Amino acid sequence: MTNNALANSAQAAGESGQSGQIKVVGIAKRFGPFQALSDVNLEIASGEKLVICGPSGSGKSTLIRCMNGIEGHDAGTVVVNGIPLDKVKANRDQIRREVGMVFQSFNLFPHMSVLENCLLAPMSVKGMSRRDAKDVAMHFLSRVRIAEQALKYPSQLSGGQQQRVAIARAMCMKPKILLLDEPTSALDPEMVKEVLDTMVGLAQGGMTMVCVTHEMGFAREVADRVIFMDRGSIVEEAPPEEFFGNPKTPRAQDFLAQILR
Amino acid sequence: MTVFSGYGIQLLHGAVVSVEVTIAALIVGTVLGIFLGAVKTYASRPFRYAVEAYTAIVRGVPDLIIIYLIYFGSTIALTKLAGEYVDVNGFMAGVFALAFIFGAYASDVIRGAIRQVPRGQTEAAMALGLSSKVCFIKIVMPQAWRLALPGFGNLSIILLKQTSLISVIGLEELLRASSVVSGATRQPFYVYSAAAVIYLILTGVATLGLRYARKRADRGFA
Ligand SMILES: Nc1ncnc2c1ncn2[C@@H]1O[C@H](COP(=O)(O)OP(=O)(O)OP(=O)(O)O)[C@@H](O)[C@H]1O
Ligand SMILES: [Mg+2]
């Protein structure tokens with residue numbers, strides 16, 4: 001193969017084959033003496049919808065936060081969109097441009113209006129003009145059905161509305177991958193559905209989604225695969241029907257018995 | 001009270017100088033305080049220790065001595081540099097000394113406030129790909145600022161009164177003007193009473209201004 005052909009195939013891999021893809025190889029993470037993740041291996045295909053569940057403290061948040069480097073891993077490798085997530089700042093920045101994240105506690109910026117929340121990153125990170133960024137922001141705010149509230153402050157919205165804004169804010173960066181860490185567990189029961197509906201809508205696109213959640217209905221409807229974690233390891237993985245209908249490991253059976261109660 | 005008519009102007013001039021010194025020292029001291037507060041929060045150990053040492057010195061040495069040290073120290077330094085005697089500008093030296101003191105206390109207030117901003121805010125900023133500079137300026141500082149304002153307001157009021165200390169380096173601010181006028185009129189009680197009232201009015205106005213700043217910073221917070 002000539003150098004040119006090599007470069008071309010590498011480029012093709014970068015653009016189609018690996019974009020939207022996450023590879024986690026043998027990662028470990030400890031907090032002081034506590035081993036939060038041990039030897040986790042996971043490959044997520046482009047466009048895949050993955051649900052992560054497991055008991056509290058099992059390392060779900062830690063794992064998903066390792067996928068955009070909000071949490072650093074101690075050993076192993078994480079490769080996102082074909083880019084290794086390492087100490088190199090340029091790589092990390094590149095990955096964060098293409099990976100959105102939604103948090104359990106929304107983490108909207110309280111001193112900015114809904115619209116400003118959505119404008120900041122596209123303008124500051126992507127260098128978009130205010131006008132272009134606003135078009136994008138209004139598009140996604142409409143998609144989460146909150147465009148009329150664009151000028152309000154987050155504190156003036158309900159929890160469900162705030163989480164939908166947080167989703168729109170992440171989408172404004174047009175990420176190839178969206179990470180969601182228990183997006184509905186801080187919500188009052190009557191607001192869970194509006195957020196889940198929004199997430200189901202997003203799942204219809206080709207974006208890769210990784211979602212920590214215990215919402216079985218969502219997992220059944222959207223997920224290609226469910227992984228179950230316990231004590232810092234992936235214990236079981238299966239398509240949702242199989243996992244919820246016929247869990248193999250005793251730990252998963254216990255866990256499901258508890259959340260079904 | 002006709003004796004005051006001519007001297008009254010002199011007192012008002014002094015008050016204007018006091019306000020000028022306060023504003024200048026407030027600006028310099030605030031920039032210094034935010035910078036040092038950020039160093040105390042984020043920088044590596046040697047830098048943090050250096051700033052802690054600076055704060056400890058300001059806290060432990062009387063303000064008047066700091067003012068003298070900066071005034072005479074800068075006279076010596078500038079004279080050495082220029083090769084001939086330099087008469088240090090009292091206004092500049094006063095502003096610098098007060099900002100030096102203000103910055104030390106403000107850095108503690110700012111650090112405390114930065115620490116109170118929830119971690120999730122920085123995490124959300126990082127996840128969006130914002131640089132740490134943008135994160136600090138657009139996300140952390142505006143929220144920390146709101147938390148810092150009450151403590152910061154107290155420091156500002158104290159600063160306004162501290163300007164009276166720099167009368168010792170010959171700047172004719174309100175206190176020095178009062179002492180000159182009281183010497184001339186031989187009415188020290190009335191003159192100093194008038195000065196007290198002027199200080200009171202100034203701190204009152206400052207308090208109102210701070211209340212307004214607090215309201216503004218509270219926007220978006222329920
Ligand atoms: N910054 C930290 N410092 C110390 N320990 C931590 C830290 N973050 C997480 N841990 C610990 O690591 C373990 C895994 O945490 P993690 O947040 O990943 O769990 P989780 O599966 O997301 O749980 P939950 O369902 O409660 O959110 C927990 O025992 C937690 O106490
Ligand atoms: Mg968690």
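**View 1. Helix 2 (residues 45–60) and helix 4 (residues 90–116) of chain B, whose axes come within 9 Å and cross at roughly 120°.** In this predicted model, local features need pLDDT of at least 70, side-chain atom pairs count only at pLDDT 80 or more, and totals for chains, interfaces and linings use all residues. Residues are numbered from 1 along each chain as its sequence is written, chains are lettered from A and ligands numbered from 1 in the order written, and side-chain values use heavy atoms, without hydrogens or water. Axes are lines fitted to C-alpha atoms, for helices over the stretch in contact, with angles from 0 to 180 degrees between N-to-C directions. Helices (H or I, at least four residues) and strands (E, at least two) are DSSP runs numbered from the N terminus. The crossing angle makes helix 2 of chain B oblique to helix 4 of chain B (under 35 degrees is roughly parallel, over 145 roughly antiparallel, 65 to 115 roughly perpendicular, the rest oblique).

**View 2. The sheet of chain A, an open one of four strands in the order 2-1-4-5 with antiparallel pairing.** Strands pair if DSSP finds at least two bridges between them. Strand 2 (34–44) and strand 5 (83–84) of chain A each have a single partner strand, so one side of each lacks a neighbour in the sheet. Seven bridges connect strand 1 (residues 22–31) of chain A with strand 2 of chain A. A:Val24 stands opposite A:Leu42 of strand 2 of chain A.

**View 3. Residues 15–210 of chain B, covered by the UniProt annotation "domain: ABC transmembrane type-1" (unreviewed entry).** The end C-alpha atoms of this span lie 20 Å apart, and the span is 85% helix and 0% strand. UniProt positions follow the numbering used here, feature names are shortened, and annotations may be inferred rather than shown by experiment.
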